[in-house]
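Trainee: I am new to this structure and would love a close look at one part of it. Could you walk me through how its helices pack against one another?

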Amino acid sequence: EAAIARNPDIAIAVARVREARAQETLARAQLFPTLDASAGATHGRSVNPFGQAVEGTSAQPLVQTAYEVDLFGRVDDQVSAARSAWLASEAARDAARLSVAAATASGYVTLLALDARRDVVRDTIAARGESLRIARSRSDAGYTSQLELRQAEAEYEAARLILPQVELAVTRQENALRLLAGDVPGAVARGGSLATLIAPPLPDQGLPPELLRRRPDIAQAELMLAASDATLSAARKQFLPSVRLTAAAGAVFNSALPDPITIWSAGGSVLAPLFEGGRLRAGVETAAARRDQAAFAYRKTALTAFREVDDALAGVASLGRQRTIAEAQRAAIADALRHAGNRYRAGYSSYLEELDAQRALLSADLGLVQLRADQMNALIALYQALGGGWSPRP
């Protein structure tokens, strides 16, 4: 909610919606007549035909109106294009909101995964610290060599080396989330852990393809195609004549006249292009090319949407199977570590067996944390690919 409310990218998209709405209002204003008022006053001295000096004051207020008759629908096409562009900007704003929401959710899952990695590393440090204590006691008593002691020390320090790396990643991820929320760098409050996140279930009957219709990027591409169609139609109608009606009314006040004189005029004009040096034809060709670009962009957006949904579904299914296998692998490695530790403490094997098992368990634990995060992120990607979820909307 904080990211959607304060994210700079969303704010930019909202401002673009206001701009497009104003452009639509500007285009619609051409359907109405214009009304202007003017007034002028002069005071001067001149010579009349009898050679006498005459000094006088005059004023002339005037009201003018003009109206272009949209005889062939060119202005309507321009209004339609502006309206489609306005609606496309709203779809772009929705796409920005969806993208920021998905990025924030994914970033939060990544942050919880880093917290889980830090917990694994801390547990590993504690376990290897205990192994180091045992190795040092056995070395002091003469039961083991200095080689095993140094190996235990090296593995302990290796685990400690991972911790500051994870803590640095946590700080950077917190700062990234704060940036998404339009805030300065700092700590991010947690609502739980990675293990407490509940994955939303997918519907048993599958995902209907019409859910793609609510993707805002598809709506934006479709509306941009409609805008380019209307722009092309308006460009073609530039070849047709335009009709313009004008009228004016006012009065003349002069100190030499006993009463003001009213004046008025009314008229119309027809403007038909005869020779423009190819300007109108080039405008049509430009509009046609942009219309083709919008059509191909719409097709590409739709195909990309289908691919993203299919990739996300495959990712969710594959990561679910991988997590099941990884959990079984982790259980087997943990049991192997327990046996290796018992054999080492009983003197039946060297420390190398326990060392290999410790390394394998650390790798398995970190891999399982990553798989859990990837599984949640795959669901977030599916949520975004379907335009905001997979539950039917009214």
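Mentor: Happily; let us go through the helix pairs one by one, and then visit some residues and the nonpolar cores.

Please keep in mind that this is a predicted model, in which local features need pLDDT of at least 70, side-chain atom pairs count only at pLDDT 80 or more, and totals for chains, interfaces and linings use all residues. Residues are numbered from 1 along each chain as its sequence is written, and side-chain values use heavy atoms, with hydrogens and water left out.

Two packed helices are described by the angle between their axes and the distance between the axes. Here an axis is a line fitted to C-alpha atoms, for helices over the stretch in contact, and the angle runs from 0 to 180 degrees between N-to-C directions. The helices themselves are DSSP runs (H or I, at least four residues), as are strands (E, at least two), and both are numbered from the N terminus.

Start with helix α3, residues 74-141, and helix α4, residues 146-180: their axes come within 8 Å of each other and cross at roughly 160°. The two helices are therefore roughly antiparallel, a label for angles over 145 degrees. The crossing of α3 past α4 is left-handed, meaning that the near helix is turned anticlockwise from the far one by less than a right angle. In the contact of α3 with α4 there are 20 nonpolar, eight polar and eleven charged residues. For these classes, Ala, Val, Leu, Ile, Met, Phe, Trp, Tyr, Cys and Pro are nonpolar, Asp, Glu, Lys and Arg are charged, and the others, Gly among them, are polar.

One residue to find on α4 is E153. Leaving aside neighbours within four places in sequence, E153 is in contact (heavy atoms within 4.5 Å) with L132 and R136. E153 and D76 are 77 residues apart along the chain, and their C-alpha atoms are separated by 81 Å.

Helix α3 also packs with α5: the axes of α3 and α5 come within 8 Å and cross at roughly 165°. That makes this pair roughly antiparallel, and α3 passes α5 in a left-handed crossing. The contact of α3 with α5 is made up of 16 nonpolar, six polar and four charged residues.

R74 belongs to α3. R74 is buried, with a relative accessible area of 15%; buried means under 20%, exposed over 50%, and partly exposed in between, using a 1.4 Å probe and protein chains only. Outside its neighbours within four places in sequence, R74 is in contact with E68, A234, K237 and Q238.

Next comes the pair of α5, residues 216-236, and α6, which pack at an angle of about 165° with their axes 8 Å apart. They are therefore roughly antiparallel to each other, and α5 passes α6 in a left-handed crossing. Among the residues making this contact are I218, L225, S228, D229 and L232 of α5, and V284, R291, Y298 and A305 of α6. By class, the contact of α5 with α6 holds 14 nonpolar, four polar and six charged residues.

R291 gives a detailed view of this contact from helix α6. At 28% relative accessibility, R291 counts as partly exposed. Not counting residues up to four places away in sequence, R291 touches L225, S228, D229 and L232. R291 and A226 are 65 residues apart in sequence, and 8.6 Å separates their C-alpha atoms.

After α5 you can look for P241, in the loop between α5 and β3 (242-254). P241 is partly exposed, at 32% relative accessibility. Setting aside residues up to four places away in sequence, P241 touches F72, V270, L271 and A272. P241 and P273 lie 32 residues apart along the chain, with 6.8 Å between their C-alpha atoms.

Finally, the nonpolar cores: each is a set of buried Ala, Val, Leu, Ile, Met, Phe, Trp, Tyr and Cys residues joined through side-chain atoms within 4.5 Å. The largest has 17 residues, and those with the most contacts inside it are L212, V309, L382, L386 and W390. Two or more residues of this core come from each of α6 (279-346) and α7 (351-385). Apart from this core lies another, of 13 residues, including A116, V120, L194 and I380.

Technical notes. Parallel < 35°, antiparallel > 145°, perpendicular 65-115°, else oblique.
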